[in-house]
Amino acid sequence: MIVDRVDQRSVRSALELATRAPSIHNSQPWRWLLGLRSIHLFADLRRWLPVTDADGRDLAVSCGAALHHLTVALAATGLRCTVRRLPNPAVGDHFAAVELHPGVGAEADPGVAGAIVHRRTDRRRYLDWEVPTAFVAELIDRAAEYGAVLRPITGAAARAQTVAAIQAAAREQESRTGYHTETALWSGGRTGDDGVPAANLLVDPSSGDSIARRFSEGLVTQPAEGTDGALGTASDDTVSQLRAGEALSAVLLHATQLGLASCPLSQPFEVASTRATLREEVLGGTLSPQLVLRVGWAPAGPPLPPTPRRALDDSIERMPR
Ligand SMILES: Cc1cc2nc3c(=O)[nH]c(=O)nc-3n(C[C@H](O)[C@H](O)[C@H](O)COP(=O)(O)O)c2cc1C
């Protein structure tokens, strides 16, 4: 029997999982337009953070992560798809067209989709145990599959430069008009379905080595520590940023499968001067840096609560038939 219809319940389940993707300040800056055999990903510019993310890099990276989560989730439901990035250059916020191919089962590793519901951004200090080099190599491979480079930040000098860049970026941003208001709007809440809730934030991010972003006040008591890798791409256009987000998602889900905790850090790339410093001093001037990624072993204790997400219907629209 040839099946030529796409099961819309599978599409909906896949979209539910896609929206578990990480996003800058949990802004969830995406919209989905659904056709009978296609899903279109648009940036939701009403959810852009113009002071923190003046270039829109974090927004595009977040949408890339959602795109990768979607393809993983579609594969887990047995749906094969093809992705076209920026399918309509005249419409800059149309980030991707995902064509669904009914009747053709996708080969999927169910463990990757399973990792979606277990992954958290973990801002706590990780244990001192080393991450095995074989694991690091696997994470580097996952990034490479999406055309990105994950370069471990090793050595005291590179690490010190990264920490200094993060701190300099924080000082620069905190002097910007509107930064504190934007941060307060998107973090520290106790209720609501977007933003970073207090339950997932450190009480005192300035303790430890001060690389954690100063959000609104949080409830988690351990300081952050450790910087592990820089994620970079060959170019810095929107497609590269989307691909960086896809690579980020692939790396984070694989890290989760390996039992590792993780945290993306974007602050030094939101400020032109610190971004240039990291590009030259830490990445040898050869890559366009997109994110720093901390990876390590989580401390013992209860798992972190998931951050909330908007109701799916808030972000989907159907194409008129
Ligand atoms: C592009 C991007 C940039 C981010 N930057 C930071 C950051 O600088 N500091 C931080 O603690 N978390 C950062 N995050 C993590 C988000 O805050 C997190 O994904 C969001 O709150 C949802 O939580 P979850 O990842 O636990 O689902 C970033 C995530 C993305 C996708």
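Start by selecting helix H2 (57-76) and strand S9 (261-265): each of them supplies at least two residues of the shell around the ligand. Keep in mind as you go that this is a predicted model.

Leave H2 highlighted for a moment. With four residues, H2 gives the most to that shell.

Next, show everything around the ligand. You should have 20 residues on screen, and the closest include Pro22, Asn26, Thr121, Ser266 and Thr307. Try colouring the shell by residue class: eight of its residues are nonpolar, eight are polar and four are charged. Then switch to colouring by domain. Domain 1 (8-116 + 311-318) and domain 2 (118-296) each contribute at least three residues to the shell around the ligand.

Now go back to H2 and look at what it lies across. Beneath your selection you can pick out strand S1 (30-34), strand S2 (38-43), S3 and S4, with H2 running at about 160° to S2.

Add S11 to those strands and you have an open sheet of five, in the order S3-S4-S2-S1-S11, with mixed pairing. Which strands stand at the edges? They are strand S3 (80-85) and strand S11 (316-318); each has a single partner strand, so one side of each is left without a neighbour in the sheet. Turn the view along the sheet to follow its twist, which averages 20° from one strand to the next.

For a last stop, zoom in on S3 and strand S4 (residues 94-101). The two pair in the antiparallel sense over six bridges. Select Arg84 here, and you will find Ala97 of S4 standing opposite.

Terms used
Residues numbered from 1 in each chain as written. Predicted model: local features only at pLDDT ≥ 70, side-chain atom pairs only at ≥ 80, totals over all residues. Near = placed C-beta within 6 Å. Nonpolar A, V, L, I, M, F, W, Y, C, P; charged D, E, K, R; others polar. Domains from an automatic or database assignment. Pairing = 2+ DSSP bridges. Axes fitted to C-alpha atoms, helices over the stretch in contact; angles between N-to-C directions. Contact = placed C-beta atoms within 7 Å.
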